[in-house]
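Ready for some practice at reading a protein model? Have a look at what follows, then try each exercise before you read its solution.

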Amino acid sequence: MFTSVTDPERALLLRHAAGSFCAALFLAVFGAIYEHFSFGVYSNYMLYAFLPPLIAGLLLLFSVSGTHPPQQRTRFLLHACVAACSVGCITAGILRISGRTSDLLLCYPVAGALLAMFALLSYLKDRKSAS
Amino acid sequence: MKYKILAAVYGTLLTAFSAYVVLDAFVLGKAEQSNASGMNLSLFAEQTAEEPVGSGIPLQTTVTGESAADGSSPAQTTDAKQSETAAPASGTTSVSGAKTAAAAGTASAQDNDGNAAANTQANAQNTQSAKNSQTAKSTQSSASASTAPPPTETVPPETEPPQPEYLNDDRNYQDENITIAISEYNVLDTAVYVADVTLSSPQYLKTAFANDTYGKNITAKTSETAAANGAIFAVNGDFYGAHNRGYVIRNGILYRDVARDGTDFLCIMADGSFFITTSAEYSAQELLDMGAWQCFMFGPRLIENGGIAVDENSEVARAMASNPRTAIGMIEPGHYLFVVSDGRTSESDGLSLNELANFMQSLGCQTAYNLDGGGSSTMYFQGSILNNPTTSGNSIKERSVSDIVYIGY
């Protein structure tokens, strides 16, 4: 369906989407291996750490066929958001599996939410300037 | 190019912050109070003064000639039974003990009149030196030195009281206040160690912080902390140092009053009973005012009012599988079970929480609570480790923990 894409900007988006899917696959495998060696002690954060890059990859994939693909700034903010969420999930998972808690973990969802909001605002600005 | 530099900087910051979070959680120690070995023994003296017969608990301070002679005491039978086991408490000795205990109760009641909670730190300091004494009786005596009756009122023994024959070996301990019997079971291909503990007073059920220090990531092996505190018997505690939140009340002293949602708290009250609650129901200060002697925050509750409180699908989020476990249960006030199961080895699979709860129920526990398990699970008795503590199953090795629960003077 996307093999006919020739626009360099959209090809770039496909590469970004593929990168996100690779990150999701890596996190899924990492989480599965970590859980395997944790003697049944599990954490949903670790199990679902692959979701942020998967969602970002899907968003980028859908944007390829759209009329207003996200620009570089928006993509950067989106990836920064995904990184904050995924690293936060992995860190929270490690702590939860070891039976520990930390108030510092709150920084990750806050950072992720702010970056997601900035990414959205940036995307809206891109659309406005394009039109 | 600009965004590549930004991405590199952002990635570096994110990695550094995550490394700090992990280090903060696992490694970086933060001592908040050193010499944290104080005890608020006034809880027991208060009970003697206000409720001499207790609530069925054979408190040492109530095992007195005066209390025992009072036929109105509902705990008389229990006290009488205790007197049978506490053979050294002969008639003459009891008279002396009764007056000393009564004096201690009076002194404590005066000290804590209307402001018991505010005096906890002061009491801790007062009892700090008392901790080093060998018996609580001597502690009470020193606390009530100013009001103690003159020595002439003490009737000296005419004849040497018969010495009890205590069975003390590598599986049993007994003296006038403490009886411990260790048993080993095989439950579902798992070695389970059970310590049946009977105390004349819950004040002998104590806790200790690693290195005598309250704080985050301050750890020591259970056996080291137990030996440092002269424990007869010990198990690992709730690893309070792994969390920033959750009540920490130890030996009648409040160390942390920050609520922690979604966690069951076990309070061992000064009357010897177990009380399981949540931070949504009571503040730490309220629990302290109610007479909480110890308060643990791990959970979940395993047995409550004699019934299983966890089912097969409601395991604590930390563990869905069989693992080493540590749990504490109460058959009746003053009569406790400490259970430690092996796990993660080829010899022992470990137990799920539901399996542990069923086992403890079969032993007669009316209330039971899960403590820190996994590699932390350790049972110590008279200088030896009884179980096979392991984190990975590859090696039998004790894990360093924040705190222990122990039986001793």
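## Exercise 1: a glycine in a loop

At 2% relative accessibility, Gly334(B) counts as buried, where buried means under 20% relative accessible area, exposed over 50% and partly exposed in between (1.4 Å probe, protein chains only). Before going on, some ground rules: this is a predicted model, so local features need pLDDT of at least 70 and side-chain atom pairs count only at pLDDT 80 or more, while totals for chains, interfaces and linings use all residues. Residues are numbered from 1 along each chain as its sequence is written, chains are lettered from A and ligands numbered from 1 in the order in which they are written, and side-chain values use heavy atoms, with hydrogens and water left out.

Task: find where Gly334(B) lies and which residues beyond its neighbours within four places in sequence are in contact with Gly334(B).

Solution. Step one: look in the loop of chain B between β16 (325-332) and β17 (335-341), where Gly334(B) lies. Helices (H or I, at least four residues) and strands (E, at least two) are DSSP runs, numbered from the N terminus.

Step two: set aside the neighbours within four places in sequence, and Gly334(B) is in contact with Val197(B), Thr198(B), Leu199(B) and Gly272(B). Contact here means heavy atoms within 4.5 Å.

Step three: pick out Asp271(B), 63 residues from Gly334(B) along the chain; the two C-alpha atoms are separated by 8.3 Å.

## Exercise 2: following the salt bridges

Task: work out which parts of the structure are joined by the salt bridge of Asp126(A) and Arg73(A), by that of Asp103(A) and Arg245(B), and by that of Asp238(B) and Arg250(B).

Solution. Step one: get the count. Searching the whole structure turns up nine salt bridges over all chains, a salt bridge being a side-chain nitrogen of Lys or Arg within 4 Å of a carboxyl oxygen of Asp or Glu.

Step two: take Asp126(A) and Arg73(A), whose side chains meet at 3.5 Å, N to O. This pair links distant parts of the chain, 53 residues apart: Asp126(A) sits in helix α5 (residues 107-130) of chain A and Arg73(A) in helix α4 (residues 72-97) of chain A. Asp126(A) is buried at 12% relative accessibility, whereas Arg73(A) is partly exposed at 32%.

Step three: move on to Asp103(A) and Arg245(B), which form a salt bridge at 3.3 Å, N to O. Asp103(A) is in the loop between α4 and α5 of chain A and Arg245(B) in the loop between β8 (233-236) and β9 (248-250) of chain B, so this pair joins two chains. Asp103(A) is partly exposed, with a relative accessible area of 40%, and Arg245(B) is partly exposed too, at 39%.

Step four: try Asp238(B) and Arg250(B), with their closest N and O atoms 2.8 Å apart. Asp238(B) lies in the loop between β8 and β9 of chain B and Arg250(B) in strand β9, so the pair ties together parts that are twelve residues apart in sequence. Both Asp238(B) and Arg250(B) are buried. Add Asp403(B), and you've got a network of salt bridges linking Asp238(B), Arg250(B) and Asp403(B).

## Exercise 3: sketching the two chains

Task: say how many helices and strands chain A has, and how many chain B has.

Solution. Step one: chain A has five helices and zero strands, so its elements are easy to jot down as α-α-α-α-α from the N terminus on.Step two: chain B has ten helices and 22 strands.

Step three: add the burial figures. Of the 131 residues in chain A, 37% are buried; of the 409 residues in chain B, 54% are.

## Exercise 4: a pocket

Task: find which residues lie nearest the centre of the second largest pocket.

Solution. Step one: know what to look for. On a 1 Å grid over the protein atoms alone, a pocket is an open set of points where a 1.4 Å probe fits, with protein on both sides within 12 Å along at least five of seven lines; lining residues have an atom within 4 Å of a point.

Step two: among the 31 lining residues, Ile97(A), Ser98(A), Gly99(A), Arg344(B) and Arg399(B) lie nearest the centre.

Step three: check the elements. α4(A) gives the most to this lining, with three residues.
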